Amino acid sequence: MSLCKTICADYGDEMKRTRTLLERIVLNDETRGYAPHPKSMPLERLATHVAELPEWISMTVTTDGMDLPADFTKHYAATGAELLETFDRCVAKGQEAIDSC
C-alpha cells in the first residue's frame with residue numbers, strides 16, 4: 001500500500017461522518033449569516049468550505065504549493081441540497097486522487 005493510501009485509509013469513514021454533519025445544516029435566511037464567533041466565517045461559507053475540502057486532496061498529492069487563480073471566487077451553497085451535491089462531487093475527486101497515487 002502506498003504512503004498516500006496508508007495516510008488516507010480512513011477517508012471513506014471520515015467522509016461519511018462529514019456528510020452526516022452537512023446533512024444537518026439548514027441554510028435559510030435565518031441561519032445563512034450565523035457565525036459561531038465574530039471572527040468566523042458565516043455558516044453558509046463555513047459549510048461550503050467544509051464541503052469543498054475533500055477536493056483539495058488532488059492538489060495536495062500533485063503539487064508542491066497552493067496558488068489560487070487570480071479569478072478565484074468563493075462559492076456559497078444556496079441550499080442544503082447544493083451543499084451536499086458540492087460535497088459528493090468533491091469527495092469523488094478526492095477519492096480519484098487517492099486512487100491515482
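This report covers the largest pocket, the largest nonpolar core and the residue Thr18 in a predicted model.

Residues are numbered from 1 along each chain as its sequence is written, and side-chain values use heavy atoms, without hydrogens or water. Local features need pLDDT of at least 70 and side-chain atom pairs pLDDT 80 or more, while totals for chains, interfaces and linings use all residues.

The largest nonpolar core (buried Ala, Val, Leu, Ile, Met, Phe, Trp, Tyr and Cys residues joined through side-chain atoms within 4.5 Å; buried means under 20% relative accessible area with a 1.4 Å probe, protein chains only) has 17 residues. Tyr11, Leu22, Ile25, Leu83 and Phe87 touch the most other members. Two or more residues each come from α2, α3 and α5 (helices are DSSP runs of H or I, at least four residues, numbered from the N terminus). The largest share, six residues, belongs to α5.

Thr18 sits in helix α2 (residues 11-23) and is buried, at 19% relative accessible area. Contacts (heavy atoms within 4.5 Å) of two residues are listed below.

| Residue | Contacts beyond four places in sequence |
|---|---|
| Thr18 | Val50, Phe87 |
| Phe87 | Met15, Thr18, Arg19, Leu22, Ala51, Pro54 |

The largest pocket holds about 360 Å³ of space. A pocket is an open set of points on a 1 Å grid over the protein atoms alone where a 1.4 Å probe fits, with protein on both sides within 12 Å along at least five of seven lines; lining residues have an atom within 4 Å of a point. The volume is the space filled by probe spheres set on the points, which are joined across faces, edges and corners. Of its 17 lining residues, Glu52, Glu55, Trp56, Leu68 and Phe72 are closest to the centre. Helices α3 (43-52), α4 (56-62) and α5 (80-100) each give two or more residues to the lining.

Terms used:
Buried means under 20% relative accessible area, exposed over 50%, partly exposed in between (1.4 Å probe, protein chains only).
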